[in-house]
Amino acid sequence: MSEVKMIGVVGGGQMGSGIAQVAAMHGVDVFLHDLDPQALSKASSSISSSIHRLVSKATLSQAAGADALKRLHFTTDLEDFHMADFIIEAIVESEDVKKSLFVKLDKIAKSSAILASNTSSISVTRIASSTTRSSQVIGMHFMNPPPVMKLIEIVRGADTSDETFAVTKALSERLGKIVITSKDYSGFIVNRILMPMINEAFFALYAGVATKEDIDTGMKLGTNHPMGPLELADFIGLDVCLSIMRVLHAGLGDNKYAPCPLLVQYVDAGRLGRKRGIGVYEYS
Ligand code: CAA
Ligand code: NAD
């Protein structure tokens, strides 16, 4: 495939909007799609305020900021993706919902287009099986927040071709990221290790070992993490953390991955973290 010129990003939440921003800032034209027009307008304002902040701090020139904003297009119509060379899915962490989206993308996208998923944990092989182009399906896992975090974890499904991998790696590097590669097992590398730590922090809170503040301070100052595990769970989204734990539990089959009942209860109560103004902590 020749150079990726246009990307389609599906899902305008915290990850999709960040991915769209990174791509536009690196000279790629981007269509960002969400079913929810309110999510799109929130994405548009958060991307422009982030770009304006970078310009005001002189991290980005005025011309580069204006150029990035011009490259971004927001749409509620998935059919607009027929011109995209590369599509990155960043919708809800549910295998069924992702598969039904990939069925649609497979029909809409041009035959040469690569379909990537930003899934945190779900089998890329199974997502690919819902399409007629499994060799062109791959996991491209950005970290949150995408404009800041340096890593992309690339996940090869059982059928992912060498060419699809090479194009995805080259694109990731063009976006200024460092790539690691994982086989397609639940949670890949990062979340297989990170999520049990977050889940264990919920168990410590649930068992009354310490206050939430002391659990977070313990891990921040005791192990030099930028955020404590409960604060990080709120940042990621408790719904996303729970979905990942469920995938680890089902996929790796060990009870050590069973989600903490307190995490389940917070999600049941709609305490999804920062994005809802309440999770483990409250946000004003
Ligand atoms: N978009 C763009 N820039 C952002 C940003 C965002 N959403 N959030 C922060 N920044 C920038 C700020 O503008 C600031 O830039 P300057 O240094 O140029 O001023 C810089 O990042 C630092 O931000 P702050 O000073 O506001 O705050 P901070 O120092 O506390 O850093 C943080 C914020 C980068 C999020 C930091 O707390 C951190 O690294 N936290 C841990 C994040 C992490 O672990 N992410 C991975 C989660 S796991 C995952 O993503 C995988 C999964 O599947 C769940
Ligand atoms: P989010 O809840 O912030 O955003 C999801 C967006 O997808 C919402 O705006 C929603 O309206 C939209 N959406 C849902 N179904 C859709 C569909 N069928 N078509 C179009 N849009 C649809 O979620 P997020 O935190 O951005 O996570 C998105 C994906 O990225 C998940 O797979 C998650 O596991 C992964 N991820 C999340 C993080 C994180 O820290 N939150 C980090 C890395 C990867």
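User: How many residues surround ligand 2 in this predicted model?
Analyst: Asp 34, Glu 93, Lys 98, Ser 120 and Ile 236 are the closest. A residue belongs to this shell if one of its heavy atoms lies within 4 Å of the ligand. The number surrounding ligand 2 is 23.

User: What share of ligand 2 does the protein bury?
Analyst: Begin with the oxygen contacts. An oxygen atom of ligand 2 is 3.0 Å from a side-chain N or O atom of Asn 144, and a backbone N or O atom of Met 15 lies 2.9 Å from a ligand oxygen. Taken alone, ligand 2 exposes 840 Å². The protein buries 85% of that.

User: How far is an oxygen atom of ligand 2 from an N or O atom in the side chain of Asp 34?
Analyst: Asp 34 is among the closest residues to ligand 2. A polar contact needs a pair of N or O atoms within 3.5 Å. For the Asp 34 side chain, the distance to a ligand oxygen is 2.6 Å.

User: Which strand supplies at least two residues of the shell around ligand 2?
Analyst: Helix α1 (14-25) supplies at least two residues. The strand that also does so spans 137-142. Five bridges join that strand, antiparallel, to β7. The strand is β6.

User: What is the handedness of the β-α-β crossover from β7 to β8?
Analyst: β7 and β8 run parallel and are joined by five bridges. Glu 153 stands opposite Ile 180 in β8. The chain passes from β7 through helix α6 (residues 162-174) to β8. This crossover is right-handed.

Terms used:
Residues numbered from 1 in each chain as written. Chains lettered and ligands numbered in written order. Predicted model: local features only at pLDDT ≥ 70, side-chain atom pairs only at ≥ 80, totals over all residues. Heavy atoms only, no water. Polar contact = N/O pair within 3.5 Å; in protein donor to acceptor, adjacent residues only side chain to side chain. Areas by Shrake-Rupley, 256 points an atom, 1.4 Å probe, with all protein chains shown as cover. Helix = DSSP H or I, 4+ residues; strand = E, 2+ residues; numbered from the N terminus. Pairing = 2+ DSSP bridges. Right-handed = clockwise from strand over helix to strand, strands pointing away.
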